[in-house]
Amino acid sequence: EKMTPSASQLKALTAINTLANFCANLSFNTLDNGTLNTAKACLIDAIGCAIHGSKMPWSKIILSMVEQDGPCKLPGITGIGYSIRDAALAYGACAHAFELDNLRKPGAGVHPGATVAIPALMMAQTVNANFGELLRAITIGCEVQFRIGAATLHTPEKIGFHAPGITGPFGAAAACGALLNFNALQFANAFGICGSMAAGLLAFAKTDQGGMVKRLHLGRAAESGVTATLLAHQGFEGPHSALEGKFGVLESYAESFDARLLTKDLGVDFETKRICFKSFACHITAHAPVQLLQMLLTQHGYDGAAIKEITIYGSEKMISHHNIQEPSDPLMAQYSIPYAVASAAFNDPFDPDTFGAIETHGDAVRQLSRNTTVKLRWISNKPSTGWGVEMRIKFHDGFIANGELDIFDGCPEKPLSHEAFKHKFSNMTRHLGSANSSELFKRLNQLDMDEKISMFFG
């Protein structure tokens, strides 16, 4: 039964309490088609990412650790069921296993596919929800998670925390709590518990090994959100001040923050619509450079072999975190703007394998990566902060091409076309066979709001 907590239960209306009341009272019928369609795309994209990610060596290690005994399955991977916590851990990690999963624009340190859609899908199977209830849950998860990420002003990563490991548990708990029909007090306790489960260090970004741990952060975040939900369901309590309060998430994990953003326009302006979908299997900061490179090569009739050097002008974060000219493992290659751009100069960037095993890449890719420089971009006398870039390509024949790109394919302002979205899903799931991949995509797109999730696996 839904209920609004009494004043004695909620002594002060914290951000957690406000978010909890929103989660408990959001009706499916109030969600517009734009929000629901984006939530649906988030789910389908996450499933494709997890299917593809399950093939990766690091994913196989995690999958070998979890017990095959439970109701939770991933479409496209038949016959194996896990408990909900194990499924959230394993498939959350799989969804982030190859830098293909969706996020928010502007960036806020969130990956809703891996940490909202995947745990929600697992909980939906556990309680046998219908598809409409699952989309409502995903929306609720995004609304909570994105606001927390926004309130941190994306500063946890400046002091060494991997932000999705902090925001992820909250998104997972919000979505899973929605599927368990939590009241506001249960949501508030779940969020209070999540504050103590936020984790993930960026150490992997500043060394030459250990990149696998980045994938684990998302699985652990999904698992933590599920655990917090199950605890709150049994009456376990967490501090309702765990976001903006003393020693809460904002104070402990963010270099600077704006607590007002935790609840700003809640229920009025839906954050879910800010989901950004990737086209390429590399860090989001490389997407504008990769797409702009393709545009300039096509426009001027050159190929990768004709390039002498590339200069990219972007944000401070692109320089501090992603200007890696000689990456040493696959994760660092995907995290590196110079290497991603160099790879895309010689190979099809829409093919995930382009950003795969770096030992298969030729000397030309490595050389161009070394000859690609990232510098600070200035806009109106201020350093740029977004994902947009300017690019200068110098060719061996002396010709110089210049361009800029701020909004790339997959941004909320420029959504992927249905064909582009289908092409990505097909590329991610081609190991299932063309017919099986196509049928799965069609089936996911045609799910009826009243259809029980169990019917999908029947």
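The paragraphs below walk through a predicted model, taking up a sheet, two helix pairs and one residue of the chain.

The sheet is a suitable place to begin. Four strands make it up in the order β6-β5-β9-β10, and this open sheet has mixed pairing. The edge positions are held by β6, residues 372–376, and β10, residues 400–405, and because each of these has a single partner strand, one side of each is left without a neighbour in the sheet. From one strand to the next, the twist averages 15°. Within the sheet, strand β5 (residues 307–314) and strand β9 (residues 389–395) pair in the antiparallel sense, with six bridges between them, and Tyr313 can be found standing opposite Glu390 in β9. Helix α11, which covers residues 287–300, lies across β5, β9 and β10 and runs at about 45° to β9.

The helix pairs come next. Two packed helices are described by the angle between their axes and the distance between the axes. For helix α2 (residues 33–53) and helix α5 (residues 112–127), the angle is about 95° and the axes are 9 Å apart. Since angles of 65 to 115 degrees count as roughly perpendicular, α2 is placed roughly perpendicular to α5. On the α2 side the contact is made by Cys42, Leu43, Ala46, Ile47 and Ala50, and on the α5 side by Pro112, Gly113, Ala117, Ile118 and Leu121. Sorted by class, this contact of α2 with α5 comprises nine nonpolar residues and one polar residue, with no charged residues.

A second pair is formed by helix α1 (residues 15–25) and helix α8 (residues 184–194), whose axes come within 8 Å and cross at roughly 130°. The two helices, α1 and α8, are therefore oblique to each other, and their crossing is right-handed. From α1, the residues Ile16, Asn17, Leu19, Ala20, Asn21, Cys23 and Ala24 meet Ala184, Phe187, Ala188, Phe191 and Gly192 of α8. The classes represented in the contact of α1 with α8 are nine nonpolar and three polar residues, again with no charged residues.

Finally, Phe457 lies in the segment that follows α18 (453–456). Its relative accessibility is 26%, and because partly exposed covers the range between under 20% (buried) and over 50% (exposed), Phe457 counts as partly exposed. Leaving aside residues up to four places away in sequence, Phe457 touches Lys73, Leu74, Pro75 and Gln125. Ile275, by contrast, is 182 residues away from Phe457 along the chain, and the C-alpha atoms of these two residues are separated by 27 Å.

How values were computed: Residues numbered from 1 in each chain as written. Predicted model: local features only at pLDDT ≥ 70, side-chain atom pairs only at ≥ 80, totals over all residues. Heavy atoms only, no water. Pairing = 2+ DSSP bridges. Axes fitted to C-alpha atoms, helices over the stretch in contact; angles between N-to-C directions. Contact = heavy atoms within 4.5 Å. Buried < 20%, exposed > 50% of the residue type's maximum accessible area, 1.4 Å probe, protein only. Parallel < 35°, antiparallel > 145°, perpendicular 65-115°, else oblique. Nonpolar A, V, L, I, M, F, W, Y, C, P; charged D, E, K, R; others polar. Left-handed = near helix turned anticlockwise from the far one by under 90°.
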